[in-house]
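Dear colleague,

I am passing on the structure we spoke about, and I would be grateful if you could look it over with the notes below at hand.

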Amino acid sequence: MSLQKVKTVYAISVYVSLAAFDNIVIGLFPPLFSNIAKDLNVAISAMGVVSAVNILATAFSSLFWGYLSGKFHRKRLVIVGTLIWVIGVYLTALSSSYIHLMICQIITGIGLGCVASIGFSALTDYVPYHSRGMVLSLWGMSQGFGGIAGALIASIISSLSNWRLPFEVLTIIGLLLIVFYFFVEEPRFGSMEPELKKLMDRGMNYTYRISLGQIMTMLSKRSNLLLFLQGFFMNIATGSLIWLPTLYIARIKALGYGPEIAMIVAAFLYGIFQVGGTLSSYFGYLGDKLQRRSYKARALLTAVFVFLTMPLYILLFIFPIDQLSLPNTTNSVILFFSLLGDLVTNPWILTLFIISLFASAAQSANTPNWLALITDVNLPEHRGAVFSIANLFNSFGRTVGNLGIGAVLAILSMYLDSPSDYIVTMTILQLPLIPSALCYVIMAKYNVRDIHKVKDTLDKRGKIV
């Protein structure tokens, strides 16, 4: 392997790891909602507001960072952004009031906005055109597993001490991660575009950069508009899924287990039930392969799997957790192996796992192909900004899903007992997957035109030399 390839693999690894931390921070909160609310003496529903504010702060700040990614040195910007979210996470651990907690999470969100938009912009200039979906799936998959890791860190570490310790641990890890950035080579804009190969081979740079006057052009592109809408509807459904651990806690407590056991086992179930997400790379590869045949293919393929996600997750919510046999201990290792034993011997838990495998696999098809389409239909200098706008729509969706759970749950809990109120609420929040899938179907015809335009523009710019 050449030195340049080693540098590229290293850079991709660092940025993929970086993406995980975006969701580790978000994943920390749901399992700790009740503990934080009790410590700060506020209602548990108020925690959903803090989580939503963090998501919105991340989204709005990513607009600023995304614009900067098309103009300045991206490596330096990422280091600054990482320092900001590390400070925010550390201050969160010191929170002594609800307002203090809210302010700290806003600071954290500002830093995470940099990670999301600039990380994506930089990564697209490391990834060859013919394998965008597959490599970008690693970036998306790391975010999914980051959320799982966050839930596990919160549940396990907090059981050893208190809710503040997970944030302190994450602060230390974040500081260590900054060291790795210093050895990452700054990517060259457009370095992986086949139309610019001659330009790059001559040692020249792609000099086009974003300007404010181009924002409306990006916003008016049909493919972009449909990607924004698709992400909004998709994230209403997926945003509600951060309440899955809360649903599992309610169901396990309903079986007669204590709150500490329920919290630990729910975190393990949440992690185990996301295993299907590992197929994200395959769906990214499949999208790459079909896209070479037709520029419509990636969108149509993803539409099918997004639609299938809805009935599979609804089935997952409805299917009972029955005959669960757990030891009376809060030792996370013993509980984990006991749960694995149930997974093999208990047909109810095994069936539940199989349903979750198909549901999380179908959902995983969205991220790599959505990211690849944003890359395909936009010029290199526009990708960071477009992604940040798309991320804003995604965040609005996650916020609606997050707050929607609280609002619908508050109404249904007056008529239904726990955990039935959670099951019905989360089922309702999966319905936006229908318009999400339709956006892809409509988008397919516009992809052909917009991808050709990008390629023609890059071809002309590459020949000017």
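What follows is a description of some helices, two loop residues, two serines and a pocket.

Please bear in mind that this is a predicted model, in which local features need pLDDT of at least 70 and side-chain atom pairs count only at pLDDT 80 or more, while totals for chains, interfaces and linings use all residues. Residues are numbered from 1 along each chain as its sequence is written, and side-chain values use heavy atoms, with hydrogens and water left out.

I begin with helix α6, residues 165-181 (helices, H or I of at least four residues, and strands, E of at least two, are DSSP runs numbered from the N terminus). Its 17 residues should span 24 Å at 1.5 Å a residue, and the end C-alpha atoms are 26 Å apart, which agrees; the expected span is 1.5 Å times one less than the number of residues. Within α6, the residues P166, F167, L170, T171, G174, L177, I178 and Y181 are buried, where buried means under 20% relative accessible area, exposed over 50%, and partly exposed in between, with a 1.4 Å probe and protein chains only. These buried residues cover an arc of only 140 degrees around the axis, which puts them on the same side of α6, the arc being that of the directions from the helix axis to the C-beta atoms. An α-helix has 3.6 residues a turn, so residues three or four places apart point the same way. On the face of α6 turned away from the buried side are the exposed residues I172 and L176.

Two loop residues deserve a look at their backbone. Most residues other than glycine have a negative phi, yet N41, which is not a glycine, has a positive phi of about 60 degrees. N41 lies in the loop between α1 (3-40) and α2 (45-69), and N41 is exposed, with a relative accessible area of 69%. Q323, also not a glycine, has a positive phi of about 55 degrees; Q323 sits in the loop between α13 (297-318) and α14 (332-345) and is exposed at 52% relative accessibility.

Now to the serines. S61, in helix α2, is buried with a relative accessible area of 10%, and its side chain reaches the backbone oxygen of T58 at 3.1 Å and that of G109 at 3.3 Å (a polar contact is a pair of N or O atoms within 3.5 Å; within protein, one must be able to donate a hydrogen and the other to accept it, and residues adjacent in sequence count only if both atoms are side-chain atoms). Leaving aside residues up to four places away in sequence, S61 touches G109, I110 and G113, contact meaning heavy atoms within 4.5 Å. S240, in helix α9 (residues 222-240), is buried at 0% relative accessible area; its side chain reaches the backbone oxygen of A237 at 2.6 Å, and, with the same sequence neighbours left out, S240 touches G401, I405, M426, L429 and Q430.

Finally, the largest pocket is lined by 23 residues, of which T8, D125, Y126, S191 and M192 lie nearest its centre. On a 1 Å grid over the protein atoms alone, a cavity is a set of points where a 1.4 Å probe fits but cannot get out, whereas a pocket is an open set with protein on both sides within 12 Å along at least five of seven lines, and lining residues have an atom within 4 Å of a point. The largest share of this lining, 5 residues, comes from α1.

With best wishes
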